[in-house]
Amino acid sequence: MEGWDPSTKSTLTRIPLLTTKAGPRDGDAWKQRLKEEYKSLIAYTQMNKSNDNDWFRISASNPEGTRWTGKCWYVHNLLKYEFDLQFDIPVTYPATAPELELPEIDGKTQKMYRGGKICLTVHFKPLWAKNCPRFGIAHALCLGLAPWLAAEIPILVDSGMIKHKDDAASSTES
């Protein structure tokens, strides 16, 4: 964690680590892992809310906990940009990190793969591998999606690749 800014380090140390090394094919062990995932996500969400840094909503969209959907947002120039967020838990989880997808901005940046999967290979994947199985969904959001949004959304807005919903609505009315 050396070289990280104090805020990131502080946030990361307060997200509970996971202990169960299990994926979707591991039956009862996966159920235990899923409970740990929820506890970690709840702690991270509560921490964000208490710091007035609420920036996502997410939940499992199937009973098995292998498909997740929600919303994430980023505030730039005092305007809130909101995006659909989705991902599947890989069968090799937790050895393999989930591929976070923002489908509505697919193709608008080079730091994205087909289907709106954000690029996390260079910086995040080695960190995930080093911390397997202690990292979970909350860690992927904190160390993967949050920095990606902070780096990419201002560029996309300033270049005109994405527009605020109010700007888009007013331009269609004209």
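Glu 152 is buried, at 4% relative accessibility. Its salt-bridge partner is Lys 111, with the closest N and O atoms 3.4 Å apart. Lys 111 sits in the loop between β3 and β4 (112–113) and Glu 152 in helix α4 (residues 137–158), so the bridge ties together parts 41 residues apart in sequence. Lys 111 is partly exposed at 44%. The model is a predicted one.

**Salt bridges**

The structure holds eight salt bridges. Among them are these three:

| Pair | N to O distance | Separation in sequence |
|---|---|---|
| Lys 111 – Glu 152 | 3.4 Å | 41 residues |
| Asp 88 – Arg 67 | 3.0 Å | 21 residues |
| Lys 71 – Asp 84 | 2.5 Å | 13 residues |

Asp 88 belongs to strand β3 (residues 79–88) and Arg 67 to strand β2 (residues 67–76). Asp 88 is partly exposed at 38% relative accessibility. Arg 67 is partly exposed at 24%. Lys 71 lies in strand β2 and Asp 84 in strand β3. Lys 71 has a relative accessible area of 33% and is partly exposed. Asp 84 is partly exposed at 32%.

**Around Arg 57**

Arg 57 is part of strand β1 (residues 56–60). The C-alpha atoms of Arg 57 and Lys 71 are 5.3 Å apart, with their positions 14 residues apart along the chain. Beyond four places in sequence, Arg 57 touches Lys 49, Thr 69, Gly 70, Lys 71 and Trp 73. Its side chain also makes a polar contact with the side chain of Asp 54, at 2.7 Å. Arg 57 is partly exposed at 39%.

**Around Ser 40**

Ser 40 falls in helix α2 (residues 28–50). It is buried because its relative accessibility is 1%. Outside four places in sequence, Ser 40 contacts Ile 15, Pro 16, Leu 18, Ala 138 and His 139.

Definitions and conventions
Residues numbered from 1 in each chain as written. Predicted model: local features only at pLDDT ≥ 70, side-chain atom pairs only at ≥ 80, totals over all residues. Heavy atoms only, no water. Helix = DSSP H or I, 4+ residues; strand = E, 2+ residues; numbered from the N terminus. Buried < 20%, exposed > 50% of the residue type's maximum accessible area, 1.4 Å probe, protein only. Contact = heavy atoms within 4.5 Å. Polar contact = N/O pair within 3.5 Å; in protein donor to acceptor, adjacent residues only side chain to side chain. Salt bridge = Lys/Arg side-chain N within 4 Å of Asp/Glu carboxyl O.
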